[in-house]
Structures are given as C-alpha cells and as structure tokens.
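Open your viewer and get comfortable. We will go from selection to selection, starting around the ligand and ending at a helix.

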Amino acid sequence: MFSNIRIVLVGTTHPGNIGGVARAMKNMGLARLYLVKPKIFPCADATLRAAGADDILCSAVLCDSVKEAIAECGVVVGTSARSRSISWSVTAPRECARMISGKPDSTEVAIVFGRENSGLTNAELDLCGYWLTIPCNPDFSSLNLAAAVQVVGYELLVTLTDRSDRHPTDLTPLASSAQIESFYGHLNEVIAAVGFIHPDKSRSVMRRIRRLFNRAHLEIQELDLLRGILSAIQKAAKLSR
Ligand code: SAH
C-alpha cells in the first residue's frame with residue numbers, strides 16, 4: 001500500500017525478529033524491507049515467524065551499510081529507545097506519520113531500526129533527518145524490534161489512509177540522502193582546504209554541521225545553491241576539486 005516507504009533493519013541478530021517485522025509490516029500495509037548486514041538471513045526461523053508474510057522476506061533487499069539502504073530517500077527517520085540530548089528533532093510515531101503525510105507522494109521515506117542489543121550507532125543516527133522515540137514506561141523503554149515496527153506502522157496506516165487528515169504542504173522535492181552525503185563531503189573538503197578545520201580533527205565539527213543541515217530538511221534547489229557557493233569558494237581560492 002505504501003510503496004514509497006521502506007523499513008530498514010540494521011544488524012539484526014535474531015532471524016526470528018526479521019520474520020516478526022515482516023509480519024508486522026504486512027499487517028500495516030508496508031512491503032519494502034531492507035536488511036543491513038543481518039547476522040543470519042535467510043533462515044527458517046524468519047520464515048516461520050513471518051507467518052504468511054514470507055513474500056516480504058523474499059523481496060527483502062540486502063545492503064552493506066545504512067548509507068546504501070537509504071541513498072535515494074528524501075526523508076530518513078532513525079528510531080531509538082533512548083531519548084537523545086537534542087530534543088528538537090525527536091518525534092513520536094503519530095507526529096512522524098503526519099510529517100510524512102505532508103510530503104509529496106513521490107518522496108522516498110526510510111524508517112531505520114537498530115540492533116536488538118545496542119540500537120543504532122551515533123554515526124548511523126547522524127544520517128537521519130528525524131529521530132523517533134515511541135513513548136514508553138521510562139523504566140522499561142526498549143521494545144522488541146517487531147513491536148517497535150508494529151507501532152510505527154500502525155500510526156502510518158491510520159494517518160496515511162485518512163486522506164482528510166493529509167496536509168501535503170511541502171511539495172518541493174527534498175534532496176536525497178546520497179545528495180546530502182555528497183554535499184557534506186564537498187563541504188568537508190572546502191573547510192579543510194581553507195584551514196577552518198584540520199583534516200584529522202574534522203569529526204566533531206562535521207557532526208555539528210550535519211545536525212545543523214539535517215535540521216533544515218534541504219530541498220534539491222537549496223542543496224544546489226550551497227554546492228554552488230562551495231564551488232565558487234574553491235574557484236576564488238584556487239582550490240582544486
Ligand atoms: N538496547 C537498545 C534497544 C534496542 S531495541 C538501545 O538502547 O537502543 C531494537 C530497536 O527497536 C531499536 O534500535 C529501535 O530501532 C527500536 N525500538 C525499541 N524500543 C523503541 C522505542 N521505545 N522507541 C523507538 N524505537 C524503539
């Protein structure tokens with residue numbers, strides 16, 4: 001039903017959970033599953049737990065990295081049981097579903113779920129423009145992976161099938177994750193070349209810059225403008241590309 005939305009599972013340890021996720025997805029009208037380095041897949045346990053949603057397992061896309069799994073996506077939502085220090089971009093599932101409902105139907109959307117024991121790494125969360133936390137008992141906030149997908153999928157189903165609640169206000173195409181990554185690479189190169197950062201010590205500055213631009217949810221035209229500025233700086237400072 002929601003062909004522009006993909007569920008990305010990162011480093012899943014238990015194949016049974018992958019099956020449970022496939023079942024939850026099919027129940028909620030989601031069909032596109034991306035698996036980043038699953039520990040064991042395919043596996044009979046996964047098929048068993050999928051309970052009839054094995055078509056989703058058969059069409060699952062295997063990837064080597066989160067970057068690869070989300071490359072074409074204009075909206076990337078990272079999920080985490082832990083509330084993060086920066087609260088501006090953390091949404092609850094309902095709010096997140098409304099945000100997605102406001103984007104053009106052609107927007108590729110990724111919702112990224114982490115490892116059973118350790119969740120997503122900070123570097124993986126840095127690739128996401130939005131972070132989602134399911135409100136829970138604060139003393140016991142970590143849901144089973146399939147249960148987390150179920151809750152998010154349910155809110156998407158309810159919001160996206162209720163056309164009267166749609167607010168497709170942001171109709172300009174968003175830059176994809178791959179385009180934004182390429183911009184960060186270009187920016188890193190320029191600020192290192194002009195001496196703003198030392199190439200070996202750029203990580204913390206780049207993290208802050210990422211957060212700043214991720215918060216802006218850049219459109220393609222805005223990204224082109226920024227790339228143009230970087231190229232002009234390179235030309236004026238006679239820096240090669
Ligand atoms: N111990 C891990 C929890 C992993 S649970 C941690 O501290 O992050 C496996 C995955 O399920 C998480 O990475 C996240 O994608 C999802 N998940 C579990 N509980 C969640 C919650 N309350 N809100 C959002 N996602 C949750």
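In this tour, Ala, Val, Leu, Ile, Met, Phe, Trp, Tyr, Cys and Pro count as nonpolar, Asp, Glu, Lys and Arg as charged, and the others, Gly among them, as polar. This is a predicted model, where local features need pLDDT of at least 70, side-chain atom pairs count only at pLDDT 80 or more, and totals for chains, interfaces and linings use all residues. Residues are numbered from 1 along each chain as its sequence is written, and side-chain values use heavy atoms, with hydrogens and water left out.

**Stop 1: the shell.** Select the ligand and the residues with a heavy atom within 4 Å of it. You should find 19 residues, the closest being Thr79, Gly114, Ile134, Ser141 and Leu143. By class, the shell holds 8 nonpolar, 8 polar and 3 charged residues.

**Stop 2: backbone contacts.** Next, look for polar contacts, meaning pairs of N or O atoms within 3.5 Å. Pick leucine 143: one of its backbone N or O atoms is 2.9 Å from a nitrogen atom of the ligand. Asparagine 117 has a backbone N or O atom 3.4 Å from a ligand nitrogen, and for a polar backbone atom of serine 80 the distance to a ligand nitrogen is 3.4 Å.

**Stop 3: helix α4.** Now select residues 66–70, helix α4, and find glutamate 68 there. Why does glutamate 68 count as partly exposed? Its relative accessibility is 41%, and partly exposed lies between buried (under 20% relative accessible area) and exposed (over 50%), with a 1.4 Å probe and protein chains only. Finally, add tyrosine 34: its C-alpha atom is 9.9 Å from that of glutamate 68, and the two are 34 residues apart along the chain.

Terms used: Polar contact = N/O pair within 3.5 Å; in protein donor to acceptor, adjacent residues only side chain to side chain. Helix = DSSP H or I, 4+ residues; strand = E, 2+ residues; numbered from the N terminus.
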